[in-house]
Amino acid sequence: MRRRAGADDAEAVLAAFARTPGDVPAARRVARQFADLDEGERSALLWSEDPGARLVAVLLLVQAMRERPDPELTDEYLSAAKAERFDDTVLVDLAAEELVGAPLVGGSTGPLFALVKSDVAMVRRIAVVATLAFAKQGDAEVPLAIAGRLVRERTETVQSAVGWVLRETGKRASESALVAFLEQSGRFLTPAARRTATEHLPPADRDRLRG
């Protein structure tokens, strides 16, 4: 039986989250508890000034996408990101792959390259993290192409995501393609991103590419 939605649903979510430790596992539990929250109340959480509300809202969007894929869920998520409502990278890292990347696998990747051009660093991070959906399908081309567009960027928000996605691309798609990418462009990464990107490579390659 589905719980009736009411005017105080968003407040009920906040009250439930306030009784938890406030971490991601707790937010997941609250999101499952309020899985039938209506779209208007979910939107109120997403655009709230409360960080916990935004976290639960993003997890609700992921749950909804898993239950019934819908491009409007992607649009809702990206609208908030483009409006600079995301001030914590966890809101990207928990959701970009499923809400933005997965729907594009097997289709046009143009939307990802459009996100790369955003003035908002979190949106650019979304473009990078979304490509995990491709890497997990054995596709190194898309992640490396997006990383190549952003490899020179100096913001930690983007560089840390590039390092992470490069590492996963080497592990899940093509180690040789990663090595070739790093040989050509690795010098543009920050030291921290380069360490992350190379940490699963054979020692000889890792040491050489870290310089």
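**Exercise 1. Determine how many salt bridges a search of the whole structure finds.**

Solution. The first step is the criterion: a salt bridge is a side-chain nitrogen of Lys or Arg within 4 Å of a carboxyl oxygen of Asp or Glu. The next step is the search of the whole structure, which finds 14 salt bridges. The structure is a predicted model, in which local features need pLDDT of at least 70, side-chain atom pairs count only at pLDDT 80 or more, and totals for chains, interfaces and linings use all residues. Residues are numbered from 1 along each chain as its sequence is written, and side-chain values use heavy atoms, with hydrogens and water left out.

**Exercise 2. Describe the salt bridge between Glu76 and Arg42, and state which parts of the chain it links.**

Solution. Begin with the distance: the closest N and O atoms of Glu76 and Arg42 are 2.7 Å apart. Then locate the partners: Glu76 belongs to helix 5 and Arg42 to helix 3 (residues 39-46), so that distant parts of the chain, 34 residues apart, are linked. Helices here are DSSP runs (H or I, at least four residues), numbered from the N terminus. Next, consider burial, for which buried means under 20% relative accessible area, exposed over 50%, and partly exposed in between (1.4 Å probe, protein chains only). Glu76 and Arg42 are both buried; the relative accessible area of Arg42 is 8%. Finally, list the contacts of Arg42 (heavy atoms within 4.5 Å). Neighbours within four places in sequence left aside, Arg42 touches Leu37, Ala57, Leu60, Leu61, Ala64, Leu73 and Glu76.

**Exercise 3. Analyse the salt bridge of Glu98 and Arg66, then that of Asp70 and Arg68.**

Solution. For Glu98 and Arg66, the N to O distance is 2.6 Å. Glu98 lies in helix 7 (residues 96-101) and Arg66 in helix 4 (residues 51-67), so this pair ties together parts that are 32 residues apart in sequence. Glu98 is partly exposed, because its relative accessible area is 25%, and Arg66 is exposed, because its value is 55%.

For Asp70 and Arg68, the closest N and O atoms are 3.6 Å apart. Asp70 counts as buried because its relative accessibility is 16%, whereas Arg68, at 55%, counts as exposed. Elsewhere, salt bridges that share partners join Arg167, Glu168, Lys171, Arg172 and Glu199 into one network.

**Exercise 4. Locate Glu84 and state whether it is buried or exposed.**

Solution. Glu84 is in the loop between helix 5 and helix 6 (90-93). Its relative accessibility is 59%, and therefore Glu84 counts as exposed. As for the backbone, phi of Glu84 is near 65 degrees, a positive value in a residue other than glycine.

**Exercise 5. Identify the surroundings of Ala140.**

Solution. First, place the residue: Ala140 occupies the loop between helix 10 (132-135) and helix 11 (141-150). Second, judge its accessibility: at 10% relative accessibility, Ala140 counts as buried. Third, name its contacts: apart from neighbours within four places in sequence, these are Thr169, Ala173, Ser174 and Ala177. Lastly, compare positions along the chain and in space: Ala140 and Arg172 are 32 residues apart along the chain, and their C-alpha atoms are separated by 8.4 Å.

Technical notes
Helix = DSSP H or I, 4+ residues; strand = E, 2+ residues; numbered from the N terminus. Contact = heavy atoms within 4.5 Å.
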